[in-house]
Amino acid sequence: MNGTDLWTIATIIGMACVTVITRSFFYISSKPWKLPAWAQRGLHYAPIAALSAVVIPEIVMTQGHLIDSWKDARLFAVATGVLWFYWRKGVLGTIIAGMAVYLPLHLSLGW
Amino acid sequence: MFDGAQVLPGIAAWGLMTGVAMVKSGLSTIEATLMAVLVFAGSAQLAAMPLIAAGAPMWVILATAFCVNLRFVVFSVHIRPYVMHLPLWRRLLGGYLMADLSYVLFTSRFPHPGEDDATRQAQEAYAFGNGVLNWVSWVGMGLVGIALANSVPSSWGLGFAGILALVGILCSLATTRLRMVSGGVAGAAAVAAFALPLKLNILVAIASAVALCLLLEKSRPRAQP
């Protein structure tokens, strides 16, 4: 197991190209075009939507299913993190406060 | 720089767990190292691992990575006016470094593209500094994860620190009521559409949240974006 082969290396290099292409997609070509005004406005809502779409399933789902128990360390950790954020501001504190709740619940109680 | 430094522990923990996962999925040390250093896209890496392990055709793996990365295509529309004055290679380098967090931090720090050279330079410096910091901590901790793969059990759930970093950023973005609506709708839609393949639920979530907010904006013309 765990042998290196050229095919996998080529695939990995291909994936790196995919990273560059998707992230630069609309600024690879320098032909001038302008986004319609409604789309321009819509982009105000895109960052929070993208982030929320990535984050929320990671908090309330397990293996593709909505969790059905409140005994989940993630819920308490996120609640703590959010409270911390609005109390003190700052993302670092959010991470630390959240993990301080998450790790004991997760490791000792198995939530 | 300070914005970016704050989320580093989250990115670091996430990079670490992705490094561990790559080795556990059966990639060799060289392959896992190369993937951590070059690909720099956590969700695409996680999606590709089982496919590589199963010996799927290369085009299937690349197409999967592309679909999982589709949200970056949306981001690139947004970033375009900020970077079009730069030469192509600088745009491509900037694009490569523009991961989720860099994009979110950048657009909330600079809501409008620079009009003059000084502002543009400041924006480019911010984006580049954040991107490099992000890359170094992701790759660095990925390598640590690869080295420690057999002594850091994934059951500890250290990767959750990455989610908490995103939660913090999410709170900092929720500055107007419509943005909160956008986040709420996108989160619910992403859960509801979770069964879609290739993480397309994220794209569906962005589209439905943005569409709904545009409609609400129209019906309440004074609302702040």
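**Note on helix α8(B) and the contact between chains A and B**

1. Helix α8 of chain B covers residues 117-147, and because each residue should add 1.5 Å, its 31 residues are expected to span 45 Å (1.5 Å times one less than the number of residues). The C-alpha atoms at its ends lie 44 Å apart, which agrees. Helices here are DSSP runs of H or I with at least four residues, numbered from the N terminus.

2. This is a predicted model, in which local features need pLDDT of at least 70 and side-chain atom pairs pLDDT 80 or more, while totals for chains, interfaces and linings use all residues. Residues are numbered from 1 along each chain as its sequence is written, and chains are lettered from A and ligands numbered from 1 in the order in which they are written.

3. Buried residues of α8(B) include Ala127(B), Asn130(B), Trp138(B) and Ile146(B); buried means 20 or more other C-beta atoms, placed from the backbone, within 10 Å of the residue's own.

4. Chain B has 78 residues in contact with 65 residues of chain A (C-beta atoms, placed from the backbone, within 7 Å). Of the elements on that side of chain B, α9(B) gives the most, with 12 residues.

5. Helix α5 of chain A (residues 91-108) and helix α9 of chain B (residues 160-173) have axes, fitted to C-alpha atoms over the stretch in contact, that come within 8 Å and cross at roughly 135° between N-to-C directions, on a scale from 0 to 180 degrees.

6. Among the residues of α5(A) that meet α9(B) are Ile95(A), Met99(A) and Tyr102(A). Their partners in α9(B) include Phe160(B), Leu164(B) and Ile169(B).

How values were computed:
Helices (H or I, at least four residues) and strands (E, at least two) are DSSP runs, numbered from the N terminus. A residue is buried if 20 or more other C-beta atoms lie within 10 Å of its own, exposed if 12 or fewer, and partly exposed in between; C-beta atoms are placed from the backbone. Two residues are in contact if their C-beta atoms, placed from the backbone, lie within 7 Å.
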